[in-house]
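Subject: Structure handover

Hi,

Here is the structure we talked about. Please open it alongside this note; my findings follow below.

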Amino acid sequence: MTTARRKTVNYNDTHWFHCISKIARGLTILDRYEKQLKKRIESETRRLSKIFAIGVGGHAILGNHFHFLLRVDLE
């Protein structure tokens, strides 16, 4: 059974989160179209951060995974 995020995350401790997403089976997402995909991921992240209450502190886009440092904006 899953637990609601509001019960597991305490925003009094921190608003910053290190999020990682890894591609299944060790496949790569950045081969032939590396520059285009990086730009697309960056632009989508900027677009979504304006829609949702999330700020992006930094990111790293690697061959088979990426990292984001995200801040929850409670206001």
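Start with the charged side chains. Arg47 and Glu44 meet in a salt bridge, at 3.0 Å from N to O. Keep in mind that this is a predicted model. Arg47 and Glu44 sit three residues apart in helix 2, so about one helical turn separates them. Arg47 is partly exposed, with a relative accessible area of 42%. Glu44 is partly exposed as well, at 24% relative accessibility.

Glu44 has another partner. It forms a salt bridge with Arg40, where the closest N and O atoms are 3.8 Å apart. The cut-off for a salt bridge is 4 Å. Glu44 and Arg40 are four residues apart in helix 2, so the separation is again about one helical turn. Arg40 is exposed, with a relative accessible area of 53%.

The count comes to three salt bridges. One of them links Asp73 and Arg71, with the closest N and O atoms 2.9 Å apart. Both ends are partly exposed: Asp73 is at 30% relative accessibility, and Arg71 is at 28%. Salt bridges that share partners join Arg40, Glu44 and Arg47 into one network.

Next, the sheet. It is open, has three strands in the order 1-3-2, and pairs them antiparallel. Which strands stand at the edges? Strand 1 (16–22) and strand 2 (54–61) do. Each has a single partner strand, so one side of each is left without a neighbour in the sheet. On average, neighbouring strands are turned by 20 degrees against each other, direction ignored.

Now the pairings in detail. Strands of a sheet pair through backbone hydrogen bonds, either parallel or antiparallel. Strand 1 and strand 3 (residues 65–72) run antiparallel and are joined by seven bridges. Among the partners across this pairing, Ser21 is matched with Phe66 in strand 3, and His18 is matched with Leu69 in strand 3.

On the other side, strand 2 and strand 3 pair in the antiparallel sense, over seven bridges. They form a hairpin with three residues between them. Gly55 stands opposite Arg71 in strand 3. Arg71 is also the residue that forms the salt bridge with Asp73.

Where does helix 2 lie? Helix 2 (residues 34–51) lies across strand 2 and strand 3. It runs at about 170 degrees to strand 2. Helix 2 also holds Glu44 and Arg40, as well as Arg47.

On to the interior. Which residues make up the largest nonpolar core? It has six: Leu30, Ile41, Ile61, Phe66, Phe68 and Leu70. Strand 3 gives the most to this core, with three residues.

Leu70 is worth a look in the viewer. Not counting residues up to four places away in sequence, Leu70 touches His15, Trp16, Phe17, Cys19, Ile54, Gly55 and Val56.

Two of the core residues also form a ring pair. The structure holds one aromatic pair. The rings of Phe66 and Phe68 have centres 5.5 Å apart and planes at 75 degrees, so the pair is edge-to-face. The angle cut-off for that label is over 60 degrees. Are these residues buried or exposed? Both Phe66 and Phe68 are buried. Phe66 is the bridge partner of Ser21, too.

In brief, here are the points to check first:

- The network of Arg40, Glu44 and Arg47, joined by shared salt-bridge partners.
- The Asp73 and Arg71 salt bridge, at 2.9 Å between the closest N and O atoms.
- The open sheet with strand order 1-3-2.
- The edge-to-face pair of Phe66 and Phe68.
- The six-residue nonpolar core, including Leu30 and Ile41.

Best wishes

Definitions and conventions
Residues are numbered from 1 along each chain as its sequence is written. This is a predicted model: local features need pLDDT of at least 70, side-chain atom pairs count only at pLDDT 80 or more; totals for chains, interfaces and linings use all residues. Side-chain values use heavy atoms; hydrogens and water are left out. Rings of Phe, Tyr and Trp (its six-membered ring) pair if their centres lie within 6.5 Å; planes under 30 degrees apart count as stacked, over 60 as edge-to-face and the rest as tilted. Buried means under 20% relative accessible area, exposed over 50%, partly exposed in between (1.4 Å probe, protein chains only). Two strands pair if DSSP finds at least two bridges between them. Helices (H or I, at least four residues) and strands (E, at least two) are DSSP runs, numbered from the N terminus. Axes are lines fitted to C-alpha atoms, for helices over the stretch in contact, and angles run from 0 to 180 degrees between N-to-C directions. Contact means heavy atoms within 4.5 Å. A nonpolar core is a set of buried Ala, Val, Leu, Ile, Met, Phe, Trp, Tyr and Cys residues joined through side-chain atoms within 4.5 Å.
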